Amino acid sequence: MENHDNAHHSDQIKLNLKSRLNRIEGQVRAINRMIEEDVYCDDVLTQIRATRSALNSVATKLLDHHMKSCIMDKVNNGAQEEAMEELLVTFQKLMKD
């Protein structure tokens with residue numbers, strides 16, 4: 001994993017992300033139980049789709065924060081090219097499956 005500066009997330013953002021991730025953790029545990037209990041496959045897949053959607057929502061929130069804080073800090077400090085390169089790498093990471 002690459003080493004970058006710390007993100008400096010506000011307490012509100014941390015609380016929001018943590019709450020979302022706790023719900024996702026619960027969804028993953030539910031999927032595990034569903035498989036253990038031989039729940040109908042389509043129902044399990046529906047739960048997996050909902051969990052994936054929730055993870056995408058967390059990623060979107062985090063990306064929004066990253067662009068408005070970390071990337072803008074670099075732009076405001078005169079490192080526009082570095083900021084754009086970092087943003088490109090970030091988008092490439094998100095687009096990989």
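How far from buried Arg-20 is the nearest side chain of opposite charge, and which residue carries it? The residue is Asp-64, 10 Å away, and Arg-20 has no salt bridge. Here, buried means under 20% relative accessible area, exposed means over 50%, and partly exposed lies in between, with a 1.4 Å probe and protein chains only. Lys and Arg count as positive and Asp and Glu as negative, while His and the chain ends are not counted. A salt bridge is a side-chain nitrogen of Lys or Arg within 4 Å of a carboxyl oxygen of Asp or Glu.

Before going on, a word on the model: it is predicted, local features need pLDDT of at least 70, side-chain atom pairs count only at pLDDT 80 or more, and totals for chains, interfaces and linings use all residues. Residues are numbered from 1 along each chain as its sequence is written, and side-chain values use heavy atoms, with hydrogens and water left out.

## Arg-20 and its surroundings

Arg-20 sits in helix H1, which covers residues 11–36. Helices are DSSP runs of H or I with at least four residues, numbered from the N terminus. The side chain of Arg-20 does find a polar partner: the side chain of Ser-57, at 2.7 Å. A polar contact is a pair of N or O atoms within 3.5 Å; within protein, one must be able to donate a hydrogen and the other to accept it, and residues adjacent in sequence count only if both atoms are side-chain atoms. Setting aside neighbours within four places in sequence, Arg-20 is in contact with Ser-57, Val-58 and Lys-61, where contact means heavy atoms within 4.5 Å.

## Helix H3 and its buried side

Helix H3 runs over residues 80–95, 16 residues in total, and reaches 23 Å from its first C-alpha to its last. That is close to the 22 Å expected at 1.5 Å a residue, the expected span being 1.5 Å times one less than the number of residues. Its buried residues are Ala-83, Glu-86, Leu-87 and Thr-90. They cover an arc of only 100 degrees around the axis, so they are on the same side of H3; the arc is that of the directions from the helix axis to the C-beta atoms. An α-helix has 3.6 residues a turn, so residues three or four places apart point the same way. Glu-81 and Met-95, on the other side of H3, are exposed.

What do the buried residues of H3 pack against? They pack against H2. His-66 gives a view of this from helix H2, which spans residues 41–76. His-66 counts as buried because its relative accessibility is 16%. Beyond neighbours within four places in sequence, His-66 is in contact with Ile-71, Glu-86 and Thr-90. His-66 and Thr-90 are 24 residues apart in sequence, with their C-alpha atoms 9.5 Å apart in space.

## Salt bridges

The structure holds four salt bridges. Among them are these:

| Pair | Closest N to O |
|---|---|
| Lys-68 and Asp-64 | 3.2 Å |
| Glu-82 and Lys-74 | 3.3 Å |
| Lys-74 and Glu-86 | 2.3 Å |

Lys-68 and Asp-64 both belong to helix H2, four residues apart, or about one turn of the helix. Lys-68 is exposed at 61% relative accessibility, whereas Asp-64 is partly exposed at 37%.

The bridge of Lys-74 with Glu-86 has a 2.3 Å N to O distance. Lys-74 lies in helix H2 and Glu-86 in helix H3, so the pair ties together parts that are twelve residues apart in sequence. Salt bridges that share partners join Lys-74, Glu-82 and Glu-86 into one network. Within this network, Lys-74 is buried at 17% relative accessible area, Glu-86 is buried at 16%, and Glu-82 is partly exposed at 47%. Leaving out neighbours within four places in sequence, Lys-74 is in contact with Ala-79, Gln-80, Glu-82, Ala-83 and Glu-86.

## Thr-46

Another residue of helix H2 is Thr-46, which is partly exposed with a relative accessible area of 36%. A polar atom of the Thr-46 side chain lies 2.9 Å from the backbone oxygen of Asp-42. Thr-46 and Ile-31 are 15 residues apart in sequence and 9.7 Å apart in space, C-alpha to C-alpha.

How values were computed:
Helices (H or I, at least four residues) and strands (E, at least two) are DSSP runs, numbered from the N terminus.
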